[in-house]
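I open this notebook to record what I looked up in one structure. The entries follow the sheet, two neighbouring strand residues, the turns and a pocket.

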Amino acid sequence: MKSYIDSLYQDGVGKDVTGYYFEQPFMGQITSMRPLAGGGLRVYVKLESTIYVKGDPRDSLALDGEEIFNGGRGLTRNLHAYL
């Protein structure tokens, strides 16, 4: 996983991400990342189309790098980053 997170951090900006967030399908592009304490990575994604989560519109998401590596967790599923 460490090599994936390193690759995502080095080459991820501008790459596409797809998946489901709160059962809403999305496609977006990585705009930035921030390293987290303990070696994690916060990944910020600008969505191509607005999704609605519990009635609230979202045009961006903040995902965990480990979540992308595992394909999802909790609120997300079927995540793919196209590096």
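**Entry 1. Conventions.** I take two strands as paired if DSSP finds at least two bridges between them. Helices (H or I, at least four residues) and strands (E, at least two) are DSSP runs, numbered from the N terminus. The model is predicted, so I noted that local features need pLDDT of at least 70 and side-chain atom pairs count only at pLDDT 80 or more, while totals for chains, interfaces and linings use all residues. Residues are numbered from 1 along each chain as its sequence is written, and side-chain values use heavy atoms, with hydrogens and water left out.

**Entry 2. The sheet.** I looked up the strand order first. The sheet is open and has six strands, in the order β4-β3-β2-β1-β6-β5, with antiparallel pairing. At its edges stand β4 (56–64) and β5, each with a single partner strand, so one side of each has no neighbour in the sheet. Strands of a sheet pair through backbone hydrogen bonds, either parallel or antiparallel.

I then went through the pairs from the β4 edge. Strands β3 and β4 run antiparallel and are joined by eight bridges; Val 45 has Leu 61 in β4 as its bridge partner. Seven bridges pair β2 with strand β3 (residues 41–53) in the antiparallel sense. Here Ile 30 has Val 45 in β3 as its bridge partner. Val 45 therefore appears in my notes as a bridge partner of both Ile 30 and Leu 61.

Between β1 and strand β2 (residues 24–35) I found six bridges, again antiparallel, with Thr 18 opposite Met 27 in β2. On the other side, β1 is joined to strand β6 (residues 76–81) by four bridges, and these two also run antiparallel. In that pair Val 17 stands opposite Ala 81. Last, strand β5 (residues 72–73) pairs with β6 over two bridges in the antiparallel sense, and Gly 72 faces Arg 77 there.

**Entry 3. Two residues of β1.** I next looked up Val 17 and Thr 18. Val 17 is in strand β1 and is buried, at a relative accessible area of 0% (buried means under 20%, exposed over 50%, partly exposed in between; 1.4 Å probe, protein chains only). I listed its contacts (heavy atoms within 4.5 Å). Leaving out residues up to four places away in sequence, Val 17 touches Phe 26, Met 27, Gly 28, Ile 30, Val 45, Leu 63, His 80, Ala 81 and Tyr 82. I also recorded a separation of 15 Å between the C-alpha atoms of Val 17 and Leu 41, which are 24 residues apart along the chain.

Thr 18 belongs to strand β1 (residues 16–21). Thr 18 counts as buried because its relative accessibility is 17%. With neighbours within four places in sequence set aside, the contacts of Thr 18 are Phe 26, Met 27, Asn 78, Leu 79, His 80 and Tyr 82. I asked which side chain makes a polar contact with that of Thr 18. The partner is the side chain of Tyr 82, at 3.1 Å. A polar contact is a pair of N or O atoms within 3.5 Å; within protein, one must be able to donate a hydrogen and the other to accept it, and residues adjacent in sequence count only if both atoms are side-chain atoms.

**Entry 4. Turns and positive phi.** The hairpin of β2 and β3 has five residues between the strands, and Gly 38 takes a positive phi near 90 degrees. In the hairpin of β5 and β6, two residues lie between the strands, and Gly 74 in the turn has a positive phi of about 65 degrees.

I noted two residues that are not glycines. Lys 54, in the turn of the β3 and β4 hairpin with two residues between the strands, has a positive phi of about 55 degrees; Lys 54 is exposed, with a relative accessible area of 73%. Glu 23 has a positive phi of about 65 degrees although it is not a glycine. Glu 23 sits in the loop between β1 and β2 and counts as exposed at 53% relative accessibility.

**Entry 5. The largest pocket.** A pocket here is an open set of points on a 1 Å grid over the protein atoms alone, where a 1.4 Å probe fits, with protein on both sides within 12 Å along at least five of seven lines; lining residues have an atom within 4 Å of a point. The largest pocket holds about 210 Å³ of space. Helix α1 (residues 2–11) gives the most to its lining, with four residues. The lining includes Met 1, Tyr 9, Leu 41 and Glu 66.

Methods:
Grid points are joined across faces, edges and corners, and a volume is the space filled by probe spheres set on the points.
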